[in-house]
Structure formats: structure tokens, C-alpha cells
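Here is a short tour of one protein chain, written for someone just starting out with structures. Keep the picture open while you read, and look up each residue as it comes along.

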Amino acid sequence: MSRVLGEVADQVGEEVQVERGPLGPVQFWRGQSRYLVGELLDSWVQTAPWWRRGAGVPGGAGFGGASSDLVATQEVWRVEAVRAGRSRTSFAGVYDLSWDAAGNRWWLVRVHD
């Protein structure tokens, strides 16, 4: 089972701070809690869902012409991480972290139970 985090200002997820290494995230902060990435499970690139691509907004997809929203992509990493100070074998969780290059921020978009 997984849970998608709440919607904030047309973005699904919770903004987080991430330290990125050469292969992807190595740790992230959720509030005051630091999570250490133990394993990179998967990564992919995705575009925003069609209903968030500016349809019905002047200059968006609903009014003809190309929009940067149509080609904007987000990199997503699925990681296994543990809160700092906890045992990885007992307390590891799986998290989806998304890098929004256009907004220059990271989002925690899904927590897998």
C-alpha cells in the first residue's frame, strides 16, 4: 500500500530538502527529521498529469499553441531510507522523491507502507 501526500499549490506532495549525490538523493529532511537513503530502488522521468498542464489557462494547452508546461518534466527517485539514528533493518521506509527543475525544489510525493 502507498499513500500520496497532500496537494499544495497545484503540486502533489510535501516540499523537502534533499542532498543529492552523483547517482541520486543521499539524504533528505522532512521537517526537523533527517532521513538517510540506504538504497536507490528506481528512478524515472515523468511529465505532469494532463489535467495540470495549463488546460483552460491563457497560454496553456487549452488555448492552442505550445506551452512549456507540456514538456516540463520531473525526475523521480524511489528510495529506501531510514530516519537518522534508527536501525535500517527495523525502521526503513520506501519514499518517492521528485525534483522539480522548473521550480528548483524537491517534493516527497509518495510514502509506501
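## The order of the pieces

Walk along the sequence and you meet the pattern β-β-β-β-β-β-α-β-α-β-β. That comes to 2 helices and 9 strands in the protein chain. Keep in mind that this is a predicted model.

The chain has 113 residues, and buried ones make up 30% of them. Its accessible surface is about 7000 Å², with 51% of that belonging to carbon and sulfur atoms. Now take the contacts with a separation of 6 or more: residues 24 or more positions apart account for 52% of them.

## How far to trust it

The mean pLDDT of the chain is 78, and 65% of the residues reach 70 or more. Where is confidence lowest, and where is it highest? The low end is strand β2 (residues 7-8), with a mean of 46, and the high end is β5, at 96.

Go carefully around residues 55-65 too, where pLDDT stays under 50. For that stretch the model has 15 contacts beyond four places in sequence.

## Inside the core

The largest nonpolar core is made of 14 residues. Inside it, the residues with the most contacts are F28, V79, A81, Y95, L97 and W106. Which strands supply at least two residues each? They are β4 (14-20), β6 (33-47), β7 (73-83), β8 and β9 (105-112).

F28 is a good residue to click on. Leaving aside neighbours within four places in sequence, F28 is in contact with Q17, V18, S33, R34, Y35, V37, V79, A81, Y95 and L97.

## Rings that meet

The count of aromatic pairs comes to 5. One of them joins F28 and Y95 edge-to-face, with 5.4 Å from centre to centre and 70° between the planes. F28 sits in strand β5 (residues 25-30) and Y95 in strand β8 (residues 93-100), so this pair ties together parts that are 67 residues apart in sequence.

Are these two residues buried or exposed? Both F28 and Y95 are buried. Ring pairs also bring in Y35, giving a cluster of F28, Y35 and Y95.

## Charged partners

Side chains of opposite charge can pair when their charged atoms come close. How many salt bridges does a search of the whole structure find? It finds 3.

Start with E14 and R30, whose closest N and O atoms are 3.1 Å apart. This pair links distant parts of the chain, as E14 is in strand β4 and R30 is in strand β5, 16 residues apart. E14 is partly exposed, with a relative accessible area of 25%, and R30 is also partly exposed, at 23%. Next come E75 and R20, with the closest N and O atoms 3.3 Å apart. Here E75 belongs to strand β7 and R20 to strand β4, and their places lie 55 residues apart in sequence by the same kind of count. E75 is partly exposed at 27%, and R20 is partly exposed at 42%.

Finally, the side chains of D96 and R78 meet at 2.7 Å, N to O. D96 lies in strand β8 and R78 in strand β7, so the pair ties together parts that are 18 residues apart in sequence. Is D96 buried or exposed? D96 is buried, with a relative accessible area of 3%, while R78 is partly exposed at 25%.

Conventions: Residues are numbered from 1 along each chain as its sequence is written. This is a predicted model: local features need pLDDT of at least 70, side-chain atom pairs count only at pLDDT 80 or more; totals for chains, interfaces and linings use all residues. Side-chain values use heavy atoms; hydrogens and water are left out. Helices (H or I, at least four residues) and strands (E, at least two) are DSSP runs, numbered from the N terminus. Buried means under 20% relative accessible area, exposed over 50%, partly exposed in between (1.4 Å probe, protein chains only). Contact means heavy atoms within 4.5 Å. Accessible areas come from the Shrake-Rupley method with a 1.4 Å probe; for residues, only the protein chains shown count as cover. Rings of Phe, Tyr and Trp (its six-membered ring) pair if their centres lie within 6.5 Å; planes under 30 degrees apart count as stacked, over 60 as edge-to-face and the rest as tilted. A nonpolar core is a set of buried Ala, Val, Leu, Ile, Met, Phe, Trp, Tyr and Cys residues joined through side-chain atoms within 4.5 Å. pLDDT is the predictor's confidence in each residue, from 0 to 100. A salt bridge is a side-chain nitrogen of Lys or Arg within 4 Å of a carboxyl oxygen of Asp or Glu.
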